[in-house]
Amino acid sequence: MANSEKSNKFYITTAIDYINGKPHIGHVLEKVQADALARYHRLKGDEVLFLTGTDEHGAKNVRAAEQAGKTPSEFADESSANFRNLKNIFNLSWNDFIRTSDKVRHWPSAQKLWRELKETGDLYKKNYRGLYCVGHEAFVTEKDLVDGKCEIHQKEPEVIEEENWFFRLSKYTKEIESKIKSKELRIIPETRQNEILALLKEGLEDISFSRPAKDLSWGVPVPDDPEHTMYVWCDALTNYLSAIGYGQDDQLSMINYKHWWPADLHVIGKDILRFHAAIWPGMLLSAGLLLPKSIFVHGFITVEGQKMSKTIGNVIDPVDLVNKYGADSVRHYLLREIPSGEDGDFSYKKFEERHNGDLANGLGNLVARITALGEKLGPIDFNFANDIELATKNGIGRIFEDYEKNMQEIRLHEASGKIWELVSFADKYINDKKPWSLTDSIELKKVLINASYLAGAVANLLEPFLPETSGKIKRQINFVDSKVILKKGEHLFSRL
RNA sequence: GCCGGUGUAGCUUAAUGGUAAAGCAGAGCCCUCAUAAAGCUCGGAAGGAGGUUCAAUUCCUCCCAUCGGCACCA
């Protein structure tokens with residue numbers, strides 16, 4: 001444990017998004033959470049690789065392309081771009097964006113993993129019998145039927161048998177269970193871990209791993225079996241490996257893969273927990289690869305207490321929000337108001353309360369009062385040992401400790417809350433010291449140094465959450481060469 | 001149906017086998033450097049019934065409510 005502690009690598013991924021629709025606020029929640037974690041680790045000095053991307057294959061995307069009058073490939077290019085664009089819109093710091101339709105980067109990796117599983121003897125062919133709905137052009141389950149008919153297409157599904165490849169997932173139930181129990185594969189939060197352990201207790205079933213190519217050609221071909229296309233598991237989950245060079249035979253890719261794998265953290269939604277905590281580990285074990293170290297599971301966002309749905313028409317377009325309120329305001333809402341690891345709610349009322357209360361009245365006003373008080377003084381000499389009061393140090397120390405703890409446990413809303421405790425602490429400090437009434441310029445400077453130091457600590461803690469705002473604060477309250485220069489600028493946030 | 005979670009102030013959350021904490025909202029006070037911001041004070045809470053214990057919001061049982069997983073949608 002206690003060997004060279006200099007720079008740890010930290011490989012963090014989000015789920016790759018399915019591109020049959022536009023990004024909504026739920027997609028953004030995940031990216032923003034992962035971004036905050038990635039930035040946090042960079043600030044700690046870790047060498048961070050932050051990966052995201054898009055999942056582009058499958059029948060749904062083929063249908064969505066048809067509806068749009070495009071080829072699957074054209075559709076994928078356009079739709080994927082909507083997700084890629086989130087980077088600039090939300091100021092996300094990912095290093096790489098992988099697309100499952102990428103034949104150069106992704107396909108060799110998926111095919112290599114397939115071969116490994118086959119080599120182990122965990123892939124076998126079996127007849128799959130299911131209810132096929134012509135309207136869906138896909139298999140449906142009993143649950144989709146009303147009076148024996150497909151609810152959407154009002155047709156009785158046909159019973160169809162087809163030969164598919166299957167993966168012997170059942171074989172790995174015990175091993176996965178023990179890795180999770182021992183925290184070798186850590187699942188956060190604990191309720192999600194218990195959920196998956198309960199599932200494992202019942203045992204895993206083998207899963208269908210391919211589709212006949214005649215039905216699904218838009219996907220990765222199964223190696224040595226052109227009649228079949230890979231089903232989502234071996235295709236999509238493999239993105240975590242393909243992005244870092246697994247399956248490529250050049251020297252650089254091999255070094256890269258060795259360096260980054262295993263992933264330190266997969267950030268995913270609760271709907272795909274089972275895939276990441278059961279199927280994915282099963283595949284990795286079969287291929288003799290290391291398991292990811294941890295999986296963080298976030299919840300869903302409701303809108304005004306209701307499930308978000310196109311039918312209700314309450315889907316929140318995150319891009320609209322940013323255009324109206326700015327990226328940091330939206331980031332703040334998602335990170336502060338939504339409990340990370342649980343479901344949360346979005347409402348315009350709460351959004352406004354957060355924006356006005358926390359950002360404008362709290363943070364923005366604090367910076368404004370400090371800079372207004374100190375601007376005319378010019379650069380103020382600053383010496384940490386002499387100038388920073390014990391109360392200031394203690395205030396920051398206490399909050400810093402809680403912040404760290406919450407970041408480590410991925411309770412981002414709590415960590416964010418600690419920053420605002422510090423804002424409040426600073427406001428109180430200024431009220432107590434009444435710098436506006438001080439006539440002694442030495443005393444005034446000392447108070448402003450302490451206030452500035454508190455605001456500087458706020459800016460530091462804030463950086464993973466609201467990077468742009470953090471930078472603005474640092475430009476207005478600028479510590480440089482043992483001086484602090486206060487310069488009143490634009491309001492950080494205007495009240496709504 | 002099976003399995004699991006949750007139920008704390010008007011709302012959102014926190015800690016804890018021994019006085020239940022905070023933010024927002026509400027009421028009042030106060031300051032005036034600041035974005036009519038900030039600060040202070042106040043009121044207000046453990047779903048229900050049992051049990052274990054000197055002591056239960058915390059542990060156990062049952063009931064009620066609610067959410068989720070099992071059924072390939074962030």
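Two strands count as paired if DSSP finds at least two bridges between them. The exercises below apply to a predicted model.

**Exercise 1.** Which residue of β3 does Tyr18 stand opposite, and how do strand β2 and β3 pair?

Solution.
- Step 1: Strand β2 covers residues 17–18, and two bridges link β2 to β3.
- Step 2: The cut-off is at least two bridges, and β2 and β3 pair in the parallel sense.
- Step 3: Tyr18 stands opposite Asp55 in β3.

**Exercise 2.** Describe the pairing of β3 with β1 and with β4, and state how β3 is covered.

Solution.
- Step 1: Strand β1 (residues 9–14) runs parallel to β3, and five bridges join them. Leu49 of β3 is the bridge partner of Tyr11.
- Step 2: Strand β4 (residues 96–99) pairs with β3 in the parallel sense, over four bridges. Here Gly53 stands opposite Ile98.
- Step 3: β3 itself spans residues 47–55 and is mostly covered, with eight of its nine residues buried.

**Exercise 3.** Identify the residues with the most contacts inside the largest nonpolar core, then list the contacts of Ile12.

Solution.
- Step 1: The largest nonpolar core has 129 residues. Those with the most contacts inside it are Ile12, Ile370, Leu422, Ala426, Leu454, Ala455 and Val458.
- Step 2: Helix α18 (residues 441–462) supplies the largest share of this core, 12 residues.
- Step 3: Neighbours within four places in sequence are left aside for Ile12. Its contacts are then Ala34, Leu37, Ala38, Val48, Phe50, Asp264, Leu265 and Val267.

**Exercise 4.** Classify the packing of α12 and α13 from the angle between their axes, and give the makeup of the contact.

Solution.
- Step 1: Helix α12 (residues 318–325) and helix α13 (residues 327–337) pack at an angle of about 120°, and their axes are 7 Å apart.
- Step 2: Angles of 65 to 115 degrees count as roughly perpendicular and those over 145 as roughly antiparallel. The two helices are therefore oblique to each other.
- Step 3: From α12, the contact involves Pro318, Leu321, Val322 and Tyr325; from α13, Ala327, Ser329 and Val330.
- Step 4: By class, this contact has six nonpolar residues, one polar and no charged.

**Exercise 5.** Which strands are the edges of the open sheet with the order β17-β16-β18?

Solution.
- Step 1: This open sheet has three strands and mixed pairing.
- Step 2: β17 (306–307) and β18 (344–346) each pair on one side only, and they are the edge strands.
- Step 3: Strand β16 (residues 301–303) pairs with β18 in the parallel sense over three bridges, and Thr302 stands opposite Asp345 in β18.

Technical notes:
Residues numbered from 1 in each chain as written. Chains lettered and ligands numbered in written order. Predicted model: local features only at pLDDT ≥ 70, side-chain atom pairs only at ≥ 80, totals over all residues. Buried ≥ 20, exposed ≤ 12 C-beta atoms within 10 Å, placed from the backbone. Core = buried A, V, L, I, M, F, W, Y, C linked by C-beta atoms within 7 Å. Contact = placed C-beta atoms within 7 Å. Axes fitted to C-alpha atoms, helices over the stretch in contact; angles between N-to-C directions. Parallel < 35°, antiparallel > 145°, perpendicular 65-115°, else oblique. Nonpolar A, V, L, I, M, F, W, Y, C, P; charged D, E, K, R; others polar.
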